[in-house]
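Reader: Could you take me through one part of this model up close? I'd like to see how a bound molecule sits against the protein, step by step.

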Amino acid sequence: MSLCCWFILLAFIPEALSTDPGVIVKLTDKGLEYGRQLGMAVIQKQLLTIKVADISGSESVSPIGSVEYRLSNMHIVDVGLPKSEVDLVPGSGVRLFIGNAFIMSFVLKDSGSFDLNVNGLTISTSIAIKSDETGRPAVSTVDCVASISSVRVIFHGGASWLYNLFTSFIDRSLRNAIQTQVCPSVANAVSQLNSQLKTLNVVAQVDQYAEIDYSMVSSPMVSQSSIDLSLKGEFYNVGKHQEPPFSPTPFSLSSQLSNMLYFGMSAFTANSAAFVYNSAGALSLYITDDMIPHTSLFRLNTMTFGAFIPQVAKLFPGLLMKLLVQTVKTPVITFEPNNATIQATGTVTAYAILPNTTLSPLFVLNLETSVSTKVFVREMRLAGAVTLNKMDLTLRTSYVREFQVKSLDNFLQVVLKGVVIPKVNGEFLYFT
Ligand SMILES: *[C@@H]1O[C@H](CO)[C@@H](O)[C@H](O)[C@H]1NC(C)=O
Ligand SMILES: *[C@@H]1O[C@H](CO)[C@@H](O)[C@H](O)[C@H]1NC(C)=O
């Protein structure tokens with residue numbers, strides 16, 4: 001394809017069309033349970049910051065008559081959340097239920113002090129989870145109900161004998177005052193979480209060539225048993241967001257639910273990586289003799305090649321050689337269950353290393369190869385056992401006499417299996 005048409009093709013694939021994800025992450029209710037434990041610590045901290053508004057008024061207490069009262073500076077000293085649950089709300093988000101909670105507070109006043117115990121606090125709130133316009137998660141409280149079954153105030157010192165006469169009245173006012181402040185403070189906790197979510201990174205640098213965009217392409221799908229996150233999962237050249245000439249196709253994860261987290265990567269993600277590394281010119285490898293396995297009978301020198309191409313030994317006697325293996329177009333990766341296949345088209349250029357270190361080209365071969373990897377997860381890393389399906393070599397250019405490429409097959413298989421594949425394996429199949 002000529003250069004002009006290549007760019008026209010790119011121009012006709014608008015970014016907005018590709019809303020299918022490259023990566024899907026499924027968080028099961030086991031994963032959610034783990035999240036609940038983390039979340040409760042945040043909510044507990046938030047409840048500790050509740051500022052109970054001052055309460056004042058006057059009440060007619062018999063037989064004393066009218067009594068003016070004012071309670072101020074109430075501080076919460078302890079919050080207990082012994083029982084909580086998180087449930088999935090299909091199509092929306094999660095529901096958080098906190099039951100049987102208690103709040104203890106202590107206030108010191110000029111005229112004495114009092115202990116306040118709030119018991120049987122119940123909070124039920126629904127939190128919607130969406131994707132914001134930047135692909136980051138955004139949470140919001142949909143509803144919240146809080147109730148308190150009892151409030152007990154005990155006064156010490158000063159005029160406590162007087163206050164204790166009408167605690168039941170104060171209990172009731174306090175119960176209302178606190179009850180009305182619980183939901184706003186839950187909403188506060190959620191909106192604080194939101195501002196943290198706004199700062200989440202959605203692009204991570206992979207290495208000097210590539211970065212990966214893992215922003216959400218749509219709002220999470222919440223079902224009865226899991227939250228599925230649809231992530232872009234697209235590799236880009238660092239600092240240059242050029243779209244590849246292909247887009248993601250729909251895929252789904254298996255409906256397994258026994259683990260906390262499932263992670264599904266599409267061939268699109270792998271192909272976008274291949275596109276990025278190929279356009280960065282990173283898919284090339286110099287091979288020198290010291291990289292050939294020590295157990296190999298073939299060495300990378302003009303003597304070995306002289307056995308197949310006598311002219312090489314004659315023109316360049318006793319020299320080490322160097323091979324340059326590089327792709328000529330973006331390799332194509334296809335996925336089948338437990339099996340990833342990479343088809344690559346490239347060239348192998350052979351050089352003799354002259355005594356003054358100049359490289360003298362001997363020949364260039366076309367290489368068509370296909371390797372498959374059985375994909376599995378080992379120690380939290382994606383691992384693969386690679387097998388060579390196909391290796392076709394043809395002569396492209398010879399700077400020496402024409403020769404039978406077939407005769408080099410064995411040697412080049414050793415190079416491919418012993419040097420190139422382990423290298424590819426190391427760079428592409430071991431994600432941490
Ligand atoms: C993987 O898929 C490729 C391409 O379809 C096939 O040639 C190869 O035999 C498969 N390998 C395994 C181990 O299933
Ligand atoms: C190295 O040696 C070759 C052959 O003798 C010669 O053609 C080439 O110019 C030399 N290169 C340098 C950098 O000296």
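Author: Here's a walk around ligand 1, with a short look at ligand 2 afterwards. Keep in mind that this is a predicted model.

Let's begin with who is around ligand 1. Its surroundings are made up of Glu336, Asn339, Thr341, Ser372 and Asn389. Sort that shell by type and you get four polar residues, one charged residue and no nonpolar ones.

Now for the polar contacts, starting with Asn339. An N or O atom in the Asn339 side chain sits 2.4 Å from an oxygen atom of ligand 1. For Glu336, the distance from a side-chain N or O atom to an oxygen of ligand 1 is 2.8 Å. Thr341 joins in as well, with 3.3 Å between an N or O atom of its side chain and a ligand 1 oxygen. How much of ligand 1 does the protein cover? On its own, ligand 1 has 360 Å² of accessible area, and the protein covers 45% of that.

Next stop, ligand 2. Around it you'll find Leu354, Asn356 and Thr358. The Asn356 side chain has an N or O atom 2.4 Å from an oxygen atom of ligand 2. With Thr358, the ligand's partner is a nitrogen atom: a polar atom of the Thr358 side chain is 3.1 Å away from that nitrogen of ligand 2. As for cover, ligand 2 taken alone exposes 360 Å², of which the protein buries 26%.

So much for the tour; to go over it yourself, pick out Glu336, Asn339 and Thr341, which are among the residues surrounding ligand 1, and then find Asn356 and Thr358, two of those around ligand 2.

Key
Residues are numbered from 1 along each chain as its sequence is written. Chains are lettered from A and ligands numbered from 1 in the order in which they are written. This is a predicted model: local features need pLDDT of at least 70, side-chain atom pairs count only at pLDDT 80 or more; totals for chains, interfaces and linings use all residues. Side-chain values use heavy atoms; hydrogens and water are left out. A residue is near a molecule or strand if one of its heavy atoms lies within 4 Å of it. A polar contact is a pair of N or O atoms within 3.5 Å; within protein, one must be able to donate a hydrogen and the other to accept it, and residues adjacent in sequence count only if both atoms are side-chain atoms. Accessible areas come from the Shrake-Rupley method with a 1.4 Å probe; for residues, only the protein chains shown count as cover. Ala, Val, Leu, Ile, Met, Phe, Trp, Tyr, Cys and Pro count as nonpolar, Asp, Glu, Lys and Arg as charged, and the others, Gly among them, as polar.
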